[in-house]
Amino acid sequence: MTNVRPRTDCPRVLIVDDDSLIRDLVKTVLEDENYILEEAHDGRQALDLAREHVPDIVLLDVMMPGLNGFVVARELRRDLGPDCVIIMLSACDQASDKDEGIRAGANAYFTKPFHPLELLDAVAEAANGRL
Amino acid sequence: MAGSDRLRVVGPEDLPAPETEPEEWRLRDQLLNFAKDLNEVYRRERTRARELEAALEELQDSYLATVRTLAAVVEAKDSRTRAHLDRAHLYAVALARRIAPEMADDPGLRYGSLLHDIGKIGVPEGILGKQGPLTREEWEIVKTHPLIGGQICAPVKFLQKAIPLIEGHHERWDGAGYPRGLKGEDIPLQARVFAIVDAFDAMTADRPYRTPMTFEMAVNEIVRASGTQFDPAVVQAFSEMCAGISSDSPFVTELRRLKH
């Protein structure tokens, strides 16, 4: 597939987590007329959605039933090229997990419980092309 | 109403319990409220930051406009022109960037280079515009202009940064300058930088009574005065900068625009 990313003024943010509370929290925190927010409840749906509407930023959980976040990150990176910013949100705070996330193509790795302000800043920076 | 328990209408509470307890749902709603408020606070903060940034920029513009107005007061009295000030400032910033990038962005350098001769408003016009050599007394009066400039700027907080350059721009590396006769690194760096670009522009500028020196001749003159009039390290940076300037660089284009 071709990886032409439409550079709209509103960055498209894809939130991927199997926990609906986390999705709702992240959505609520990021709610802004400047973002287009989409959500997926597992890795398969995330990949399907990302192929349909190429996201600018993906917030990606690691431990999910089915495809885990590392697999999804690798596939997204392969499908979407280097422009898409992938931020992993994981309950695993081992350095090795972080390394694996970065190897899988993540631009940033946050551990849960995450700090909403840090996430907001990271997304804002990603939207400005600085992450 | 003892029998009502058996006869009551079936309602939503009779449906199988959801996966999460009601307690947990309240907690979830509470969390979402926190998230909503956080979102709102973050937006307000960002709006404020943008407003502050715009206000700061406007303030800095007014500072510069004020400084330019002050500088225009000296132009009215002295033969050197606005173009000289703009060129000197351009050279000073370029040279400062080579030596220490943070100095190039220091408002002290910018304001100082525009205001370096502000103290000349304290020197009688008869002396400033005099044809022929000055008497010893007249010369002593001219030599007070850096300190008068410092006194003019001292009460204004944002101009205080310019004082080291204003007071020091006629000092010499060998200590033979004025007004204080400071020597070597006792002379503020901004003043050591500006002294070179000021002399350079004076040599290359058009004057009614003489033809200007060529770029190369003026650079040679500066190099010749290294260690006597000027800081050798700054001269070194200056000559490197001049050697690296090609005639079609934006810097030279800007200089041409300023010549008139």
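At what angle do the axes of helix α3 (residues 82-99) of chain B and helix α5 (residues 107-115) of chain B cross, and within what distance do they come? The tour of this predicted model begins with that pair.

**First stop: α3 and α5 of chain B**

Select residues 82-99 and 107-115 of chain B. The two axes cross at roughly 150° and come within 9 Å. Angles over 145 degrees count as roughly antiparallel, and α3(B) and α5(B) are therefore roughly antiparallel to each other. Their crossing is right-handed.

Now display the side chains at the contact. From α3(B), select B:L85, B:D86, B:H89, B:A92, B:V93 and B:A96; these meet B:L109, B:R110, B:S113 and B:L114 of α5(B). By class, the residues of this contact comprise six nonpolar, two polar and two charged.

**Second stop: chain B as a whole**

Widen the selection to the whole of chain B. Its secondary structure consists of 13 helices and zero strands, so a trace from the N terminus meets helix after helix, in the order α-α-α-α-α-α-α-α-α-α-α-α-α. The chain has 260 residues, of which 38% count as buried. Among contacts in chain B with a separation of 6 or more, 62% are accounted for by residues 24 or more positions apart.

**Third stop: the loop before α10 of chain B**

Go next to the loop between α9 (163-168) and α10 of chain B, where B:P179 is found. Select B:Y178 together with B:P179: the peptide bond from the former to the latter is cis, with omega near 5°.

**Fourth stop: α10 and α12 of chain B**

Continue into helix α10 (residues 189-204) of chain B and add helix α12 (residues 232-243) of chain B; the two pack at an angle of about 50°, and their axes are 10 Å apart. That angle makes α10(B) oblique to α12(B). The crossing of these two helices is right-handed.

For the contact itself, show B:L189, B:R192, B:V193, B:I196 and B:F200 on α10(B), and B:V234, B:V235 and B:F238 on α12(B), which they meet. The residues of this contact divide into seven nonpolar, no polar and one charged.

**Fifth stop: the sheet of chain A**

Move to chain A and select its strands. Five of them form an open sheet with parallel pairing, in the order β2-β1-β3-β4-β5. At the edges stand β2 (36-40) and β5 (108-111) of chain A; each has a single partner strand, so one side of each is left without a neighbour in the sheet. From one strand to the next, the twist averages 20°.

Within the sheet, isolate strand β3 (residues 57-61) of chain A and strand β4 (residues 85-90) of chain A. Five bridges join this pair in the parallel sense. To see one bridge position, select A:D61 and its partner in β4(A), A:L89.

Then add helix α3 (residues 69-80) of chain A. This helix lies across β3, β4 and β5 of chain A and runs at about 180° to β4(A).

**Last stop: the loop after β5 of chain A**

Finally, follow the chain beyond β5 of chain A. The loop between β5 and α5 (116-127) of chain A holds A:P113. Which form does the peptide bond from A:K112 to A:P113 take, cis or trans? Select both residues: the bond is cis, with omega near 0°.

Key
Residues numbered from 1 in each chain as written. Chains lettered and ligands numbered in written order. Predicted model: local features only at pLDDT ≥ 70, side-chain atom pairs only at ≥ 80, totals over all residues. Heavy atoms only, no water. Axes fitted to C-alpha atoms, helices over the stretch in contact; angles between N-to-C directions. Helix = DSSP H or I, 4+ residues; strand = E, 2+ residues; numbered from the N terminus. Parallel < 35°, antiparallel > 145°, perpendicular 65-115°, else oblique. Left-handed = near helix turned anticlockwise from the far one by under 90°. Contact = heavy atoms within 4.5 Å. Nonpolar A, V, L, I, M, F, W, Y, C, P; charged D, E, K, R; others polar. Pairing = 2+ DSSP bridges. Buried < 20%, exposed > 50% of the residue type's maximum accessible area, 1.4 Å probe, protein only.
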